[in-house]
Amino acid sequence: MAEKVKVGVIGSRFEADIHVASIKQMGEDAEVVAIASPSSGNAEKLAKHYGVPRWFTDYHTMLAEPDVEMVTITAPNRLHCQMTIDIANAGKHVVCEKPLCMTLEEADIMIEHCARKGVLLMYAEELFFTPKYVKAKEMADQGAFGDVYLVKQSEKHFGPHGDWFWDVEQSGGGVLMDMGCHGIAFCNWFLDRPTLERVTAQGGTYVHKDKTRGDDNCIVILEFAGGRVGLVEDSWARTGGMDDRIEIFGSKGCTYGNLHMGNALPTFSEVGFGYAVEKAPTTKGWTYPVFEELWNYGFPQEMAHFARCVRGKVAPIATGEDGRFVQQVLFAAYQSMGAGQRVDMPFDAFGVKKPIDLWFDPKRMP
């Protein structure tokens, strides 16, 4: 058996915890050996919780550790590009959380730099690994639904887990940037990456105007070659915790996948309890506690796949090029939201500092 891939994690909060826990679950393929975060005490706390032997306040110090082979980035979006460059310069493989970066220029720099340094740039899109959704694609590929003409994906809850998401200078956008990237990547992947011809989007800030200049609810229509359509719905304005689902429609059948309801225990409690599901604000009254949550999302499978890529056992199915495609669509969607019209692809967004600049109008703010 090949030696486990030694992993370093940049970050120490919500997504970093998911990465460390997922790698720990997968067992034989990889192990986290170091965590780096500038937040005082956070890296040490996370490392001790999961038995990780080393922690650092400067990720550059972690990159100097000779045994670290792969590094995952869970930092704010504005930092992804420079961190990727630094990781590649250290000769480590890169796993970058979504979205890939802030601009198309950064995406190209990241892809080209990793290629030049001979390291993998892998894009952390867990919907490519979510068991329910993978099964739906397997059935579609077997012809179960005939000619698929519509793919829908939605993800909704009441807001992100970190304060930096609300700050468009750090995130680049609102809910479309944060979660729309999942649906865009999913529809493209499910339909086997056809040519995208047009993008239409609508969105606004409906609930969280006191927190962000970004959008908190959006709808995106993707028109692919051959008349196939992707529909992406995302919200930071939906109360009651996470809701994540897909719908697939074809000429000979359809399927529906609700990520949580098929893995939940309908529960009523007058007093509440510890944890039900991601983003649920309370456990009093009716809730739907999930089990094996990370596995049902696909995170351990994703990290196992990336580790096998490092060992040369498989080719990455989620790459920097996937992240770049999503980035270009995000720009087109914000342009559509701002202009109130459909946008032809490919959309040239070079020179735009962040996607939301194509949509944001100060006159809308209170």
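This note goes through the overall form, the nonpolar core and the largest pocket of a predicted model.

1. Overall form. The chain has 366 residues, and because a compact globule with that many would have a radius of gyration near 21 Å, the 20 Å found for the chain agrees with such a form. Taken along the principal axes, the box filled by the C-alpha atoms is roughly 55 × 50 × 50 Å.

2. Secondary structure and contacts. The chain comes to 11 helices and 15 strands, and among its contacts between residues at least 6 apart in sequence, 69% join residues at least 24 apart.

3. Burial and the core. Of the 366 residues, 58% count as buried. The largest nonpolar core holds 114 residues, and the members that touch the most others in it are Ile-35, Phe-186, Val-199 and Leu-222; helix 8 gives the most to this core, with 11 residues.

4. Surroundings of Ile-35. When residues up to four places away in sequence are not counted, Ile-35 touches, among others, Val-9, Val-20, Leu-46, Val-52, Trp-55, Phe-56 and Met-62, and its contacts also include Gly-11 and Arg-54.

5. The largest pocket. About 820 Å³ of space lies in this pocket, which is lined by 50 residues, with Glu-15, Thr-74, His-161, Trp-164 and Phe-165 nearest its centre. The lining divides into 22 nonpolar, 16 polar and 12 charged residues.

6. Helices at the pocket. Helix 1 (14-26), helix 4 (80-89) and helix 8 (175-190) each supply at least two residues of the lining; helix 8 is thus worth viewing from both sides of the account, as it also gives the most residues to the largest nonpolar core.

Methods
Residues numbered from 1 in each chain as written. Predicted model: local features only at pLDDT ≥ 70, side-chain atom pairs only at ≥ 80, totals over all residues. Heavy atoms only, no water. 1 Å grid on protein atoms, 1.4 Å probe; cavity = no way out; pocket = protein on both sides within 12 Å on 5 of 7 lines; lining within 4 Å. Points joined across faces, edges and corners; volume = space filled by probe spheres on them. Helix = DSSP H or I, 4+ residues; strand = E, 2+ residues; numbered from the N terminus. Nonpolar A, V, L, I, M, F, W, Y, C, P; charged D, E, K, R; others polar. Core = buried A, V, L, I, M, F, W, Y, C linked by side-chain atoms within 4.5 Å. Buried < 20%, exposed > 50% of the residue type's maximum accessible area, 1.4 Å probe, protein only. Contact = heavy atoms within 4.5 Å. Rg over C-alpha atoms; globule rule 2.2 N^0.38 Å.
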